[in-house]
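Here's a quick tour of one chain, taken a few contacts at a time. Have a look at the fold first, then read on.

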Amino acid sequence: MTPFTEKAIRIMKSIPAGKVMTYGQVAEVAGNKRGARQIVRILHSMSKKYDIPWHRIINAKGEIGLKDEEGKFTQKEKLETEGIRLIDSGKVDLVSARYQPEKNGEWGL
């Protein structure tokens with residue numbers, strides 16, 4: 001496993017309930033600001049194995065990134081269970097729900 005992947009997994013696992021991060025935000029904090037697609041691949045292939053709270057990762061617009069209806073419904077339901085409200089357009093309000101880890105804090109950046 002690459003250092004980027006290890007760091008990304010630690011970051012995603014540390015997102016508290018009721019908060020979200022974007023794919024790009026996780027990638028940037030993990031050390032590759034252009035690595036959002038890598039985050040998608042990590043989530044797709046490693047979520048179950050590493051117990052990653054995949055539902056707390058959304059796209060930069062605040063939208064659920066899954067295309068299939070069942071997946072979207074499941075993610076929306078999990079977010080709402082944690083107290084995250086989706087605004088009228090089906091987006092997460094990133095102003096209130098975005099998790100902002102501190103630089104030089106939890107991950108030694």
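Let's start with charge pairing. A search of the whole structure, which is a predicted model, turns up 1 salt bridge. The partners are Arg-56 and Glu-82, whose closest N and O atoms sit 2.7 Å apart. Arg-56 belongs to the loop between helix 3 (36-50) and strand 2, while Glu-82 belongs to the loop between helix 4 and helix 5 (94-97), so the pair ties together parts that are 26 residues apart in sequence. As background, side chains of opposite charge can pair when their charged atoms come close.

How do the two partners compare with solvent in mind? Arg-56 is buried, at a relative accessible area of 12%, whereas Glu-82 is partly exposed, at 22%. The cut-off between those two labels is 20%, so Arg-56 at 12% falls under the cut-off and Glu-82 at 22% does not.

Next up is Asn-59, in the loop between strand 2 (57-58) and helix 4 (69-81). Is Asn-59 buried or exposed? Its relative accessibility is 18%, so Asn-59 counts as buried. The side chain of Asn-59 reaches two backbone nitrogens further along the chain, listed here:

| Side chain | Backbone nitrogen reached | Distance |
|---|---|---|
| Asn-59 | Lys-61 | 2.9 Å |
| Asn-59 | Glu-63 | 2.9 Å |

Setting aside residues up to four places away in sequence, Asn-59 also touches Thr-22 and Tyr-23. Tyr-23 is handy for the next stop, as it is one of the helix 2 residues that meet helix 3.

On to that helix pair. Two packed helices are described by the angle between their axes and the distance between the axes. For helix 2 (residues 23-30) and helix 3, the angle is about 100° and the axes are 8 Å apart. That makes helix 2 roughly perpendicular to helix 3. Which residues of helix 2 and helix 3 meet? From helix 2 come Tyr-23, Gly-24, Val-26 and Ala-27, and from helix 3 come Ala-36, Ile-39, Val-40 and Leu-43. The contact divides into 7 nonpolar residues, 1 polar and no charged.

One last residue, Arg-34, lies in the loop between helix 2 and helix 3. At 76% relative accessibility, Arg-34 counts as exposed. Arg-34 and Gly-24 are 10 residues apart in sequence, and their C-alpha atoms are 6.9 Å apart in space. Gly-24 is also among the helix 2 residues in the contact with helix 3.

Conventions:
Residues are numbered from 1 along each chain as its sequence is written. This is a predicted model: local features need pLDDT of at least 70, side-chain atom pairs count only at pLDDT 80 or more; totals for chains, interfaces and linings use all residues. Side-chain values use heavy atoms; hydrogens and water are left out. Helices (H or I, at least four residues) and strands (E, at least two) are DSSP runs, numbered from the N terminus. Buried means under 20% relative accessible area, exposed over 50%, partly exposed in between (1.4 Å probe, protein chains only). A polar contact is a pair of N or O atoms within 3.5 Å; within protein, one must be able to donate a hydrogen and the other to accept it, and residues adjacent in sequence count only if both atoms are side-chain atoms. Contact means heavy atoms within 4.5 Å. A salt bridge is a side-chain nitrogen of Lys or Arg within 4 Å of a carboxyl oxygen of Asp or Glu. Axes are lines fitted to C-alpha atoms, for helices over the stretch in contact, and angles run from 0 to 180 degrees between N-to-C directions. Angles under 35 degrees count as roughly parallel, over 145 as roughly antiparallel, 65 to 115 as roughly perpendicular and the rest as oblique. Ala, Val, Leu, Ile, Met, Phe, Trp, Tyr, Cys and Pro count as nonpolar, Asp, Glu, Lys and Arg as charged, and the others, Gly among them, as polar.
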